[in-house]
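The following exercises concern pockets, salt bridges and helix geometry. Each task is followed by a worked solution.

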Amino acid sequence: MELLLKIVAGGLSAAVCAVIVRRSAPEFAVPIVLACGAWIFMVLALDVGQVVQTLARLTRLAKLDPDVVEPVVKVVGISVVTRIGTEICRSAGEGGIAAFVEMAGTLLSLAAALPLVNEVVELLTGLMP
């Protein structure tokens with residue numbers, strides 16, 4: 001909870017700075033947003049590592065095939081990166097580019113999920129008489 005409060009406070013501070021700067025020098029607002037995003041990633045780096053380790057441990061304990069878990073992790077990662085990228089594009093006033101980034105993220109998520117879909121279809125086909 002303390003980490004979340006720190007991130008929210010930092011994000012709100014950067015947002016206020018970006019709004020103030022955007023009025024007089026709009027070209028400096030996007031670098032403020034990017035710097036805040038980089039800071040948030042650095043703050044979260046240790047926690048993300050713990051999540052990955054825990055997920056790997058749970059995968060081993062449940063005796064799941066990593067080929068089944070990997071597409072799910074990839075889709076989540078693609079979704080997060082796509083969301084951040086589109087919001088940065090929108091913040092820069094480039095809604096058209098944001099739409100293309102969203103489309104690319106959707107297609108890449110679909111491509112990443114195809115091995116999982118293939119596994120499910122094979123499993124269902126094997127269950128049928």
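**Exercise 1. Identify the residues that line the second largest pocket, then give its volume and composition.**

Step 1. The lining of the second largest pocket consists of Asp47, Val48, Val51, Val52, Leu55, Val73, Val76, Gly77, Val80 and Val81. The elements that contribute two or more residues to this lining are α2 and α3. The model is predicted: local features require pLDDT of at least 70, side-chain atom pairs count only at pLDDT 80 or more, and totals for chains, interfaces and linings use all residues. Residues are numbered from 1 along each chain as its sequence is written, and side-chain values use heavy atoms, with hydrogens and water left out.

Step 2. A pocket is an open set of points on a 1 Å grid over the protein atoms alone, where a 1.4 Å probe fits, with protein on both sides within 12 Å along at least five of seven lines; lining residues have an atom within 4 Å of a point. The volume, which is the space filled by probe spheres set on the points, is about 290 Å³ for the second largest pocket.

Step 3. By class, its lining has eight nonpolar, one polar and one charged residues. In this scheme Asp, Glu, Lys and Arg are charged, Ala, Val, Leu, Ile, Met, Phe, Trp, Tyr, Cys and Pro are nonpolar, and the others, Gly among them, are polar.

**Exercise 2. Describe the largest pocket and determine which helix gives the largest share of its lining.**

Step 1. The largest pocket holds about 450 Å³ of space. Of its 18 lining residues, Val33, Gly37, Ile84, Glu87 and Ile88 are the closest to its centre.

Step 2. At least two lining residues come from each of α1 (2-24), α2 (29-61) and α3 (66-91); helices are DSSP runs of H or I with at least four residues, numbered from the N terminus. The largest share, eight residues, is supplied by α2.

Step 3. The lining comprises twelve nonpolar, three polar and three charged residues.

**Exercise 3. Trace the salt bridges that involve Glu87 in helix α3.**

Step 1. A salt bridge is a side-chain nitrogen of Lys or Arg within 4 Å of a carboxyl oxygen of Asp or Glu. The structure holds four salt bridges.

Step 2. Glu87 pairs with Arg83, the closest N and O atoms being 3.7 Å apart, and with Arg90 at 3.5 Å, N to O.

Step 3. Why can such pairs form along a helix? An α-helix has 3.6 residues a turn, so residues three or four places apart point the same way. Arg83 lies four residues from Glu87 in α3, and Arg90 lies three residues from Glu87.

Step 4. Glu87 is partly exposed, with a relative accessible area of 38%, whereas Arg83 counts as exposed at 56% (buried is under 20%, exposed over 50%, partly exposed in between, with a 1.4 Å probe and protein chains only). Arg83, Glu87, Arg90 and Glu102 are linked in a network of salt bridges.

**Exercise 4. Compare the expected span of α4 with its end-to-end distance, and locate its bend.**

Step 1. The expected span is 1.5 Å times one less than the number of residues. For the 33 residues of α4 (95-127) this gives 48 Å, and the end C-alpha atoms are 47 Å apart, which agrees.

Step 2. The bend, the angle between axes fitted to the seven residues ending at a residue and the seven starting there, is about 40° at Leu114. Pro115 follows within four residues.

Step 3. The buried residues of α4 are Ala98, Gly105, Ser109 and Ala112.
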